[in-house]
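Reader: Hi! Could you walk me through this structure?
Author: Happy to, let's look together.

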Amino acid sequence: MCGIVGYIGRREAYPIIINGLKRLEYRGYDSAGIVLSTPKGFELVKTKGKVSDLEEKSTSIDQTPTIGIGHTRWATHGVPNDVNSHPHLSNNGRIVLVHNGIIENYESIKKLLIEKGYTFQSDTDTEVLVNFIQLFQEEQNLNLRDAVRLALNEVVGAYAIAVLDNQDPDTIVVARLGSPLAIGIGKDEFFIASDASPFIEFTKDAIYLEDGDMASIRLGEEVAIHTIHNNEPVSLDIQELQLNIEAIEKGGYEHFMLKEIYEQPRSIRDTMRGRLLVDEGIIKMAGIWDNQERFLKAKRIIIVACGTSYHAGLVAEYMIEDFARIPVEVEYASEFRYRNPIIKKNDVVIAISQSGETADTLAALKLAKEKGAFIFGINNVVGSSIARITDAGAYTHAGPEIGVASTKAFTAQLTILSLIALKLGKKNGELSNEKYNLLTRELDRIPELVEKILIDCEGKIEAIAEKYKDNRNAIYLGRGYNYPSALEGALKLKEISYIHAEGYPAAEMKHGPIALLDENMPVIVIATKRGYYEKVVSNIQEIKSRSARIIAVVNEGDEQVIAMADDHIFIPETAEEFTPILAAIPLQLLSYWIAVKLGKNVDQPRNLAKSVTVE
Ligand code: G6P
């Protein structure tokens, strides 16, 4: 959460920082700010609201300087208002700082600073940090880099920071612990950003700062990286970026979310490409293959994740247990990390995370690593923190996902988890050759079935959304593999339309939610032919007799359920195990269209952030 961008070079920094902040708005968008370094001092502007509000306010400043840093915020300490926005200035006006993360011991540092006569305008932990740096700089007469280093050694928490000093205007100092930071290296220019998207059109060479490292970036010199703890030099690991600019633009769609929904035939195919060789009956996955002993001897697989990624984990639990007969537990990373979990050396812990940066998931993995488990990452963002700390992993290849509500990353996760489950089942002999061949062929068809759903749903879901958009509640039901689909459908609706929605296993409805049913309650039921169809039909009858309205997601050719439903959406028939991939598509579209019709900000829903780098 929170995005940081910086530039130092020969061009005007302002447009680079503003455009970069727009690309990072998925990380937080309740306030924004920019500071440019001039020989006469800082040009600083910040505001509550979005980067576009910042642009409007920035007409008052000199936009020509070639050095600057900017910030887009997701509030942790202090409400989103102008004063709490970053950048924050030190009391003496010499140092300015942007920060992504949380300084946990800020209150004790603030107390100390107040005793020394410092004053504070904002409620933020960041203003405390910038003044703490001033304290070290003044008391020990240090340059910016050393003052930052000493201050950070006293700080408890998580951060990615960028700092400027107006008495050394050709330098940006950056540091990271727990929150990501990349440095783009151009010719006579450097970029910094929370991910590489702000500088992708300028350079393909980047350094991802490691946890506990800081860098001093000076014009005309090589980047110098040192450890924060003991000032040891760190060698430069320059990586070539694979991102391209088209992938992070809207490409003619009204919203990123819609673009990403429509990209799914491609993103699912890309996730399988080179891995599922259906004619040879082979699944190639180096991360699994190279570590197959760990997986096959595992007494247990533990999956940790948050949000939508957690729902993908729930589907994987059913699939891995079913295909490979290895016990699987799925847990919210935030719960797992704090409950003293039993982790054994022969456990395999899989973290699922689109961003690869979610603080709780990262911490859960670190805990599992400390206890000696084998840790495996399923991430979408190449080079992310989780990808770097895991023993092995597999990327989902969905491409950059910008819409805050996850869509294509979810179906890519389901795809890769299907491949893993099939591979393990085949390898340990629990899955018969016949079933394996049937399922791999079925999985290979999924992108084309997703494409068909997208074509068939055109216009239809929009019309259903119009009918139901004014309801304030909704219930989603599914059984077996589609119980997680119900959870995910409900989450999508909540996230972007702010309608209260609950997902339930259909049979559990009798144990509480049925009390909510009346003619005002829409119930979205997934009732596909191969998954407990008859049982779900009985549940639908129970709903019908309470006068609730039913929107059914059913297979083509269904007659029984559509006769009872008020509205229905068809999806093609496939293996039960892969229906969550197909069912996700109409549920994503339903949420999308309801949010659009309610006039909500689909790509940047209130209070949410795409990458939750604080716990
Ligand atoms: C946030 C996002 C969700 C996402 C969750 C986990 O809450 O808004 O869309 O599912 O974080 O993120 P991850 O990057 O770990 O999958």
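Reader: Which atom of alanine 609 is 3.0 Å from an oxygen atom of the ligand, backbone or side chain?
Author: A polar backbone atom of alanine 609 is 3.0 Å from that ligand oxygen. A polar contact here is a pair of N or O atoms within 3.5 Å. This is a predicted model, where local features need pLDDT of at least 70 and side-chain atom pairs count only at pLDDT 80 or more, while totals for chains, interfaces and linings use all residues. Residues are numbered from 1 along each chain as its sequence is written, and side-chain values use heavy atoms, with hydrogens and water left out.

Reader: Cool, what about serine 353 and serine 355?
Author: Serine 353 has a polar side-chain atom 2.6 Å from an oxygen atom of the ligand. For serine 355, a side-chain N or O atom is 2.6 Å from a ligand oxygen.

Reader: Which residues come nearest to the ligand?
Author: Of the 14 around the ligand (a heavy atom within 4 Å), the nearest are Ser309, Ser353, Gln354, Ser355 and Thr358.

Reader: And how do the shell residues divide by type?
Author: Four are nonpolar, eight polar and two charged, with Gly counted as polar.

Reader: Which helix gives the largest share of that shell?
Author: Helix α10, residues 307-324, with three residues. Helices are DSSP runs of H or I with at least four residues.

Notes
Polar contact = N/O pair within 3.5 Å; in protein donor to acceptor, adjacent residues only side chain to side chain. Helix = DSSP H or I, 4+ residues; strand = E, 2+ residues; numbered from the N terminus.
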